[in-house]
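Biologist: I should like to go through this model with you, one question at a time. Please give the reasoning before each result.

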Amino acid sequence: MTSNTRARSAEAKQQRERAILDAARALATARSVREVTLTDVAAEVGLHKSAMLRYFETREQIFLALAVECWADWTEGVRSSWESGPPEEVLARSFVSRPLFCDLLAHIPLNLERNVSFESVRVYKRASLAAVRAVAGDLSRREELSEQQAYDVVATAAGLAGALWQMAAPGTQLREFYKSEPELAHAVVDVEPRLVRTLGALIAGFRSPTASR
């Protein structure tokens with residue numbers, strides 16, 4: 001089957017969709033999510049842009065589908081790592097070790113959920129909510145937090161990871177500029193230690209005798 005031949009069988013269609021997702025992942029990892037267009041992905045897999053629409057309705061749907069995969073990978077990773085350190089360190093490391101996931105987390109509420117079908121949003125939301133609940137369940141049992149408190153910790157970790165990753169601008173000229181200007185030193189964000197401090201304070205607050213359960 002040549003690159004521009006329409007995938008006719010269900011198996012061929014799945015293979016083409018996989019190739020598109022893999023191409024988007026590679027491009028976003030090398031650049032950033034915001035810099036990758038549908039045309040870029042199409043060129044990477046050898047398809048015309050119009051042919052891409054047979055498999056994914058928009059660029060946003062491609063990245064939302066990648067985010068679903070990232071949530072699954074993150075869930076497996078963090079649930080197998082609880083013994084490696086305090087919960088705030090495990091959670092912080094689980095995000096920082098997945099740069100693309102952090103990048104996606106920042107873009108999802110801003111635009112990736114805004115130019116897709118409600119069905120695509122439903123699939124994504126179910127996956128993300130299930131992931132947070134699974135990890136929060138572990139956290140609740142391990143740290144004697146209520147289910148709601150544990151959920152808040154994990155959801156906060158995910159939200160902060162995306163926001164801080166964008167502020168940190170890792171690997172960019174902007175970050176190097178911040179580092180080169182002494183008066184802008186406060187703008188240099190180190191994601192993992194800040195996440196650890198924030199999550200640690202949140203967990204400690206929930207553990208406090210005065211915290212409402």
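Modeller: Please bear in mind that this is a predicted model. In helix H1, the buried residues are Ala 12, Arg 16, Ile 20, Leu 21, Ala 23, Ala 24, Leu 27 and Ala 28.

Biologist: Which helices do the buried residues of H1 pack against?

Modeller: Buried here means under 20% relative accessible area. The H1 residues that meet this cut-off include Ile 20 and Leu 27. Their partners are helix H2 (38-45), helix H3 (49-52), helix H4 (59-79) and helix H6 (99-112).

Biologist: What distance does H1 reach from its first C-alpha to its last?

Modeller: Helix H1 covers residues 10-30, which makes 21 residues. At 1.5 Å a residue, 30 Å is expected, and the model comes close to this. The reach of H1 is 30 Å.

Biologist: Is Ala 43 buried or exposed?

Modeller: Ala 43 is found in helix H2. Its C-alpha atom is separated by 9.3 Å from that of Ala 23, 20 residues apart along the chain, and Ala 23 is buried. The cut-off for the opposite class is over 50% relative accessible area. Because its relative accessibility is 58%, Ala 43 counts as exposed.

Biologist: Which class of residue supplies 11 members of the lining of the second largest pocket?

Modeller: The second largest pocket has a volume of about 250 Å³. Of its 15 lining residues, the closest to the centre are Trp 71, Leu 105, Tyr 124, Lys 125 and Ser 128. H6, helix H7 (118-143) and helix H8 (147-168) each supply at least two residues of this lining. Besides three polar residues and one charged residue, the class with 11 members is nonpolar.

How values were computed:
Residues numbered from 1 in each chain as written. Predicted model: local features only at pLDDT ≥ 70, side-chain atom pairs only at ≥ 80, totals over all residues. Heavy atoms only, no water. Helix = DSSP H or I, 4+ residues; strand = E, 2+ residues; numbered from the N terminus. Expected span 1.5 Å × (residues − 1). Buried < 20%, exposed > 50% of the residue type's maximum accessible area, 1.4 Å probe, protein only. Contact = heavy atoms within 4.5 Å. 1 Å grid on protein atoms, 1.4 Å probe; cavity = no way out; pocket = protein on both sides within 12 Å on 5 of 7 lines; lining within 4 Å. Points joined across faces, edges and corners; volume = space filled by probe spheres on them. Nonpolar A, V, L, I, M, F, W, Y, C, P; charged D, E, K, R; others polar.
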